[in-house]
Amino acid sequence: MKKIFGLTIKSAFRDPYLLFWSILLPVGGCILLGLFIKVPQYPARILTGMMAVSVLLFALVTVAFYTLAQRRRGVFNLLRVTPSPLWQYISAVSGAWTVVSVVCSMLVLVIGGLVFGIPVSAVSVLLLLPILLAATIGYVFLSFPVSSISKTEGHINIISNLIILPLMFCSDAFYSLEHAPGVLKVVSRFNPFQWFINGLRSSLDVDITGWLVYLSLLAALLLVALGLAVRTFRFSDK
Amino acid sequence: MSTLIEAKKLIKRFKNREVVKGLSMEVRENEVLALIGENGTGKSTTLSMLLGILQPDGGTVRRWREDYKAHVGVQLQATPFFEGYSAEENLTLFAALYHVKLTKQEIAERLEQCGLADAKKTPAARLSLGQQKRLAIAVTTVQRPKLIVLDEPTAGLDPRARHEVRQMIGNLAQNGVTVLFSSHDMEEVSRTANRVILMHGGRIAAEGTPEELLLAHGGENLEEVYMKLTAVT
């Protein structure tokens, strides 16, 4: 499966959509918003927000498109007639996509950190990795049900927008919720994307208690997403 | 001649519509067997059941060995290439799925054999339809299989590309590989297959060598035989 893992990483980095949605857009958004909004602490807030956006857009949306394309081309059906079990293939590609997504978000961190002079300690990086891994794997698993209920790329666009827009705008990825309506504040507490952002911020602040809480919540999300992925997986459209 | 796959009284339904209706057939070693019939007659469904992709709703399929998957090369109707991968990478990836390690030299040879040496770095999705079909057949041979199953290998191809695919099938047969393919192109079948199963409405309408079918049912060619056997009365 090493070969499949390696080839998946190689092909992902050749994908122009990855470059735009998971690297250029988050880096550009982070720098532009950080430069124009002159509020102390805002650059650090937008940096973690954009790291999370990078992961969400790749792990959930781009992977859903890949999965749909493979199903429609008959790849999953064909895998059933090879001696390789499907779970091995899914694990190899999901692992590769996770690595790609983590690398993209780290790139956002490095570039944003350099532009805004945000110090990132080695401990923070160590704490960031489990948070990034848990969230990315969870979103990759969530992309499987999204692709399973979609028959066309248009369906994926609609469904993923219905998922990611509320997740993003009911979080404080781009703006503070301090003066937001009470309902929004309550919703944000149950928002898995907010857990991810909080996990990233806890890692950068080396807040171990917060880090443990959000890592546990993300691990629970991962398990639920895995269950959904297994239950809804479709080999073909027939 | 031993039997590789034996199917008895296969039945398959999709949403209460019976697509395959009690079909029995066998695939014998070293033959080129064609499954022919109009669109929607159950050819692809039958192949999927023979391969274990679909479970039949009735009947049985017996294969010559438990680990048959390692010894069967398959090309389904939709050409199942991996998105964003070159011809060379697709070949490497399929080899990995069959637990086969191909050296760069071996990959180059395989691509050369199917006339794709110049297109090895081209993304598979950008190859012409004919090149894609040839690559798909090359992919089915990565593990040097005993049986190759091709679902409509020449569908949508121009005459030259059809000819090239037929040649590839002929070469495989000459090298002792058993080939099972589906088609609705009677000319292709009469030129390529040494045994034919004619399907109509989810059932077998006739089977035998092309010569036997012409003799038994009369007619200039397989198309005429097919039209006779499936005529609506």
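Two salt bridges are counted between chain A and chain B in this predicted model. One of them pairs the side chains of A:K10 and B:E89. The closest N and O atoms of this pair are 3.4 Å apart. B:E89 lies in helix 2 of chain B, residues 87–97, and A:K10 lies in helix 1 of chain A, so the pair joins two chains. Side chains of opposite charge can pair when their charged atoms come close. Over all chains, the count comes to 17 salt bridges. Between chain A and chain B, seven residue pairs are in polar contact, with both residues at pLDDT 80 or more.

Three helices of chain A each supply at least two residues of the side that touches chain B. They are helix 1 (2–13), helix 3 (42–72) and helix 4 (75–79). Helix 1 gives the largest share of that side, six residues. By residue type, the side of chain A that touches chain B divides into nine nonpolar, seven polar and seven charged residues.

The size of an interface is often given as the accessible area lost when the parts come together. Here, the area buried between chain A and chain B is about 2400 Å². Carbon and sulfur atoms give 65% of that area. In chain A, the residues that lose the most area to chain B are A:R73, A:L78 and A:V81. Together they make up 30% of what that side buries. The contact takes 23 residues from chain A and 26 residues from chain B.

The fold of chain A comes next. Chain A has 10 helices and zero strands. Read along the sequence, its pattern is α-α-α-α-α-α-α-α-α-α. The radius of gyration of chain A is 18 Å, close to the 18 Å that the globule rule gives for 238 residues, so chain A is as compact as a globular protein of that length. Along the principal axes, the C-alpha atoms of chain A fill a box of roughly 60 × 35 × 30 Å.

Chain B combines both kinds of element, with eight helices and nine strands. Its radius of gyration is 18 Å, which agrees with the value near 17 Å for a compact globule of 233 residues. The C-alpha atoms of chain B fill a box of roughly 55 × 40 × 35 Å, again taken along the principal axes.

Record annotations can be set against the model of chain A. An unreviewed UniProt entry places the feature "transmembrane region" at residues 18–37, 49–68, 89–116, 122–144, 156–177 and 211–230 of chain A. Residues 18–37 are 95% helix and 0% strand. The end C-alpha atoms of that span lie 27 Å apart. Residues 89–116 of chain A are 100% helix and 0% strand, with end C-alpha atoms 40 Å apart. The UniProt annotation "domain: ABC transmembrane type-2", also from an unreviewed entry, covers residues 7–236 of chain A. Over residues 7–236, chain A is 81% helix and 0% strand. The end C-alpha atoms of residues 7–236 are 23 Å apart.

A:S236 lies in the segment after helix 10 (208–232) of chain A. A:S236 and A:R72 are 164 residues apart in sequence, yet their C-alpha atoms are 6.7 Å apart in space. Leaving aside residues up to four places away in sequence, A:S236 touches A:R71 and A:N77.

How values were computed
Residues are numbered from 1 along each chain as its sequence is written. Chains are lettered from A and ligands numbered from 1 in the order in which they are written. This is a predicted model: local features need pLDDT of at least 70, side-chain atom pairs count only at pLDDT 80 or more; totals for chains, interfaces and linings use all residues. Side-chain values use heavy atoms; hydrogens and water are left out. Contact means heavy atoms within 4.5 Å. Buried area is the accessible area (1.4 Å probe) that two parts lose on being put together, summed over both. A salt bridge is a side-chain nitrogen of Lys or Arg within 4 Å of a carboxyl oxygen of Asp or Glu. A polar contact is a pair of N or O atoms within 3.5 Å; within protein, one must be able to donate a hydrogen and the other to accept it, and residues adjacent in sequence count only if both atoms are side-chain atoms. Helices (H or I, at least four residues) and strands (E, at least two) are DSSP runs, numbered from the N terminus. Ala, Val, Leu, Ile, Met, Phe, Trp, Tyr, Cys and Pro count as nonpolar, Asp, Glu, Lys and Arg as charged, and the others, Gly among them, as polar. UniProt positions are given in the numbering used here, feature names are shortened, and annotations may be inferred rather than shown by experiment. The radius of gyration is taken over C-alpha atoms; the globule rule is 2.2 Å times the number of residues to the power 0.38.
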